[in-house]
Amino acid sequence: MLIRSLLPRKIHSWRCFSSSALHVLKPGDILRQTRTFTNEDVLEYSKVSQDSNPLHFDSESARSAGFEDRLVHGMLVASLFPRVISSHFPGAVYVSQSLSFKFPVYVGDQIIGEVQATNLREKKGRYLAKFKTRCIKNGGFLVLEGEAVAILPTLAVEQAHSVEQ
């Protein structure tokens, strides 16, 4: 979904554009997707990453550490950013990502992953794009923020297939 920010700091001020028109990415544009992480997501990520920290699997361990319940891996939550970019720009190459974790994400939290274009420049027929990145949970709590850089094959934004979970 392509969103142009009218007031970039307020979620409720964004408007969506018709999916039938061709959109060219411009600074200030916001792309986002929503996902709810499940027990299965945490288990599968743990297998791939070999991160078996009990905070992700044992409610008592998580509570003893000061959390409400089991945590979703922070890097799994951050995986929303390349997912958003590649779903709108197939063939994009992810170059870098900085992250700052603000609040925990628990299994079942609805997460909105957003990337906002901040700088675009052409380089050898491709485009170097810098994005402000953030994840918001349950309608308003900032849980993760940072910046990403990607090389895009074009600035034409493709309509992403529905991948909301």
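Which residues of helix H1 (residues 39-49) are buried? In this predicted model, where local features need pLDDT of at least 70, side-chain atom pairs count only at pLDDT 80 or more, and totals for chains, interfaces and linings use all residues. Residues are numbered from 1 along each chain as its sequence is written, and side-chain values use heavy atoms, with hydrogens and water left out.

The buried residues of H1 turn out to be Asp41, Val42 and Ser46. Looking down the axis of H1, these residues fall within an arc of 130°, so they line one face of the helix; the arc is taken from the directions from the helix axis to the C-beta atoms. Here, buried means under 20% relative accessible area, exposed means over 50%, and partly exposed is in between (1.4 Å probe, protein chains only). Helices (H or I, at least four residues) and strands (E, at least two) are DSSP runs, numbered from the N terminus. On the other side of H1 sit Glu40, Lys47 and Val48, which are exposed. The cover over the buried residues of H1 includes strand S4 (29-36) and H3. Just after H1, Gln50 has a positive phi of about 60°.

Next comes Arg70, in the loop between helix H2 (59-64) and helix H3 (74-78). Arg70 is buried but has no salt bridge, and the nearest side chain of opposite charge, Asp69, is 4.3 Å away. For a salt bridge, a side-chain nitrogen of Lys or Arg must be within 4 Å of a carboxyl oxygen of Asp or Glu; Lys and Arg count as positive and Asp and Glu as negative, while His and the chain ends are not counted. What the Arg70 side chain does have is a polar contact with the side chain of Asn39, at 2.4 Å. Such a contact is a pair of N or O atoms within 3.5 Å; within protein, one must be able to donate a hydrogen and the other to accept it, and residues adjacent in sequence count only if both atoms are side-chain atoms. The side chain of Arg70 also reaches the backbone oxygen of His56 at 3.3 Å.

Finally, there is Leu142, in strand S8. With 27% relative accessibility, Leu142 counts as partly exposed. Leaving aside neighbours within four places in sequence, Leu142 is in contact (heavy atoms within 4.5 Å) with Lys102, Phe103, Arg134 and Cys135. Leu142 and Phe103 are 39 residues apart along the chain, and their C-alpha atoms are separated by 7.2 Å.
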